[in-house]
Amino acid sequence: MTGIDHPCSFHDLPVFTLPEPGDDNPWPATRPAPDALAWRLECTWEGPEFAAVWQHFLTSVDPAQVRALVIGPWWQDDYSSLAPVIELITSDAARFPALRALFLADVVGEECEVSWLQMCDITPVLRAFPRLEELVVRGGGSGLNEETLELHPVRHEALKALRFESGGLPGHVVRAVGACELPALERLDVWLGSQWYAGDATVADMAPLLSGGGFPRLRHLGLQNSEIQDEIAVAVASAPVVAQLESLALSMGTLSDAGGLALLGGQPLTHLDFLNLYHHYLSDEVMERFKELGERDDVHVCLDGADDWDPDDEDDARYVAVSE
């Protein structure tokens, strides 16, 4: 699960893992205020099940003041579905009037590969928390899983940031995002992943995201970690949404000279503050042209993570940064 780590902060708050019942040194010397932290809940192999962790949280912290919540590993003996966790959170939604941010599945490779995470329908979260401003979902779909990530089109007035971190994001999720009405959305990041892990989204699925009409306040767009990064770059080169952006991320995927030259030859990118192309397969010549763009027009262009690729070698494949 390269490129995925536990966040130290979330929603501009430090992440603090809820101590287990009976922990010898459970809390800092000064008990933190409920609204001063992003509270992380997790199950350990020796600890209680998630339902007990959830009840412990509700009795240890005033849920009415909690602003941010991070869900870590929720299973013990097997990689079970996230659905019971979603049911618990949404059933108690009325107890969390201040909740503004939710991170589903803060899990790293040592705990479970991203493609093994048993996801579910996350739509109830958006319906239960109409004031939610930030939602991060890690995991997606895979033929290995009994359950896969689902989203149904909704209207949500408050959501400002939405991020999917996946080694394989199903196309139906991408289409659902494009069909949502999110008038406040400012940041959207979508890790598309590999076809081997159900990452079957096409450029056509992304058309509503590229049109610029669906999310009028969008200022950052990330279409990342894709095996079709060149095709995406070609579409982005003439996409109406680019004109309203301040930053654009086409990172973590298989971007080569074909996609890079399309970007350079397309609509102006000089209004961007940041162009993220991290983890790419661009030649030195094309990288130099992007560096010139950055120097000439004061655009911060990230070209780190360059990888070698020989287009004439059939066995020399390009890979996304996050898949299994």
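The radius of gyration is taken over C-alpha atoms, and the rule for a globule is 2.2 Å times the number of residues to the power 0.38. Keep that rule in mind for the opening view. Note too that this is a predicted model.

**Stop 1: the whole chain**

Show the full protein chain. With 324 residues, a compact globule would have a radius of gyration near 20 Å; the chain has 20 Å, so the two agree. Turn the C-alpha trace along its principal axes. It spans about 60 × 40 × 40 Å. Now colour by secondary structure. You should find 8 helices and 12 strands. Of the 324 residues, 53% count as buried. Take the contacts with a separation of 6 or more: residues 24 or more positions apart account for 80% of them.

**Stop 2: the sheet**

Hide the helices. The 12 strands form an open sheet, with mixed pairing, in the order S1-S2-S3-S4-S5-S6-S7-S8-S9-S10-S11-S12. Which strands are the edge strands? Select S1 (9-10) and S12 (300-302): each pairs on one side only.

Next, select S6 (residues 134-138) and S7 (residues 161-165). These two run parallel and are joined by 5 bridges. Zoom in on Arg138. Opposite Arg138 stands Glu165 in S7.

**Stop 3: two helices on the sheet**

Bring back helix H1, residues 50-60. H1 packs on the sheet and touches S3 (38-41) and S4 (68-71). The direction of H1 makes about 150 degrees with that of S3. Then bring back H6, residues 229-236. H6 also packs on the sheet, touching S8 (187-193), S9 (220-226) and S10 (247-249). The direction of H6 makes about 155 degrees with that of S9.

Go back to H1 and show its side chains. Which residues of H1 are buried? They are Phe50, Val53, Trp54, His56, Phe57 and Leu58. What do the buried residues of H1 pack against? Their partners are S3, S4 and H2.

**Stop 4: from S4 to S6**

Select S4 and S5. They pair in the parallel sense over 4 bridges. Pick Val70: its bridge partner in S5 is Phe103. Now add helix H2 (residues 83-91). S4, H2 and S5 make a right-handed β-α-β unit.

Move on to S5 and S6. These strands run parallel too, joined by 4 bridges. Pick Phe103 again. In S6, the bridge partner of Phe103 is Val136. Add helix H3 (residues 123-128), and you have another right-handed β-α-β unit, made of S5, H3 and S6.

Stay on S5, residues 101-104, and show the side chains. In a regular strand the side chains alternate between the two faces of the sheet. Look for this in S5: Ala101 and Phe103 point one way, Leu102 and Leu104 the other way. All four are buried.

**Stop 5: the nonpolar cores**

Show the buried nonpolar side chains. The largest nonpolar core has 95 residues. Which residues have the most contacts inside this core? Select Phe57 and Leu135. The largest share of the core, 5 residues, comes from H1.

Centre on Leu135. Leaving out residues up to four places away in sequence, Leu135 touches Leu102, Leu104, Ile122, Val125, Leu126, Leu159, Ala161, Leu162 and Arg163.

One last selection: Leu13, Val70, Ala101 and Val136. They are among the 8 residues of another core, which lies apart from the largest one.

How values were computed: Residues numbered from 1 in each chain as written. Predicted model: local features only at pLDDT ≥ 70, side-chain atom pairs only at ≥ 80, totals over all residues. Heavy atoms only, no water. Pairing = 2+ DSSP bridges. Contact = heavy atoms within 4.5 Å. Axes fitted to C-alpha atoms, helices over the stretch in contact; angles between N-to-C directions. Core = buried A, V, L, I, M, F, W, Y, C linked by side-chain atoms within 4.5 Å. Buried < 20%, exposed > 50% of the residue type's maximum accessible area, 1.4 Å probe, protein only. Right-handed = clockwise from strand over helix to strand, strands pointing away.
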